[in-house]
Amino acid sequence: MAETINSLEDLGSASVAVAAANPAPVYVQKLDAQGRAYATGKRKNAIARVWLKPGNGKITVNGKDFNAFFARPVLQMILQQPIIAAARKDQYDVVATVSGGGLSGQAGAVRHGISKALTEFEPELRAVLKKGGFLTRDSRVVERKKYGRAKARRSFQFSKR
């Protein structure tokens, strides 16, 4: 059974003992047989499979250069955010396959996948990426349409007749 705590000093020593018993988790590098890090990224209805390997900074999405696949500059910027935040601009090649959703969701899914793959390849980057919010899966999805409504919440136009 646990010890009885009678004073604040006992409470302080008890919390130190618990902290010593439960150290912070140690993250290790996870690579496949080809020396690549793999991760899955998700956003809205889009799912991206991402492979990261040492290279010269080439990003390929569904067999195309990412500039050709994501034509809008905003989506290209979203894709590169975790690499720039980790200061690894021209050090890794990224190969991604993405399906489902629209272009915005796909860009967010690839960004999430790149972030997770970077932490698999270099576990010490986890703190930087976590602080930037790149490792958190954005769980917002479209609300379903309800019966008797025009959309999820919008009602049909009222008419007196």
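**Exercise 1. Determine whether L129 is buried or exposed, and describe its surroundings.**

Step 1. L129 is buried because its relative accessible area is 0%; buried means under 20% relative accessible area, exposed over 50%, and partly exposed in between, with a 1.4 Å probe and protein chains only. The structure is a predicted model, in which local features need pLDDT of at least 70, side-chain atom pairs count only at pLDDT 80 or more, and totals for chains, interfaces and linings use all residues. Residues are numbered from 1 along each chain as its sequence is written, and side-chain values use heavy atoms, with hydrogens and water left out.

Step 2. L129 lies in helix 5; helices (H or I, at least four residues) and strands (E, at least two) are DSSP runs, numbered from the N terminus.

Step 3. With neighbours within four places in sequence set aside, L129 is in contact with P82, S115, L118, T119, F134 and L135. Contact means heavy atoms within 4.5 Å.

Step 4. Between L129 and Y92, the C-alpha to C-alpha distance is 16 Å, and the two are 37 residues apart in sequence.

**Exercise 2. State which residues have the most contacts inside the largest nonpolar core, and which elements supply this core.**

Step 1. The largest nonpolar core has 30 residues, and L52, V61, L79, I114 and L118 have the most contacts inside it. A nonpolar core is a set of buried Ala, Val, Leu, Ile, Met, Phe, Trp, Tyr and Cys residues joined through side-chain atoms within 4.5 Å.

Step 2. At least two residues of this core come from each of strand 1 (37-43), strand 2, strand 3, helix 2 (66-69), helix 3, strand 5 and helix 4. Helix 4 gives the largest share, seven residues.

Step 3. For L79, the contacts beyond four places in sequence are I59, V61, F66, F70, A107, V110, R111 and I114.

Step 4. In soluble globular proteins, nonpolar side chains tend to be buried together.

**Exercise 3. Establish in which sense strand 5 pairs with strand 2, and in which with strand 3.**

Step 1. Strand 2 (residues 46-54) and strand 5 (residues 92-99) are antiparallel, with eight bridges; two strands pair if DSSP finds at least two bridges between them. Here L52 has V94 of strand 5 as its bridge partner.

Step 2. Strand 3 (residues 59-61) runs parallel to strand 5, and three bridges join them. V61 stands opposite A96 in strand 5.

**Exercise 4. Find how many salt bridges the structure holds, and describe those of E122 and E143.**

Step 1. The whole structure has six salt bridges, a salt bridge being a side-chain nitrogen of Lys or Arg within 4 Å of a carboxyl oxygen of Asp or Glu.

Step 2. E122 forms a salt bridge with R88, with the closest N and O atoms 2.9 Å apart. This pair links distant parts of the chain, 34 residues apart: E122 is in the loop between helix 4 (103-121) and helix 5 (126-132), and R88 in the loop between helix 3 (73-85) and strand 5. Both E122 and R88 are buried.

Step 3. E143 forms a salt bridge with K146 at 2.8 Å between the closest N and O atoms. E143 is partly exposed at 38% relative accessible area, and K146 is partly exposed at 25%.

Step 4. R153 also forms a salt bridge with E143, the closest N and O atoms being 3.1 Å apart. R153 is exposed, with a relative accessible area of 63%.
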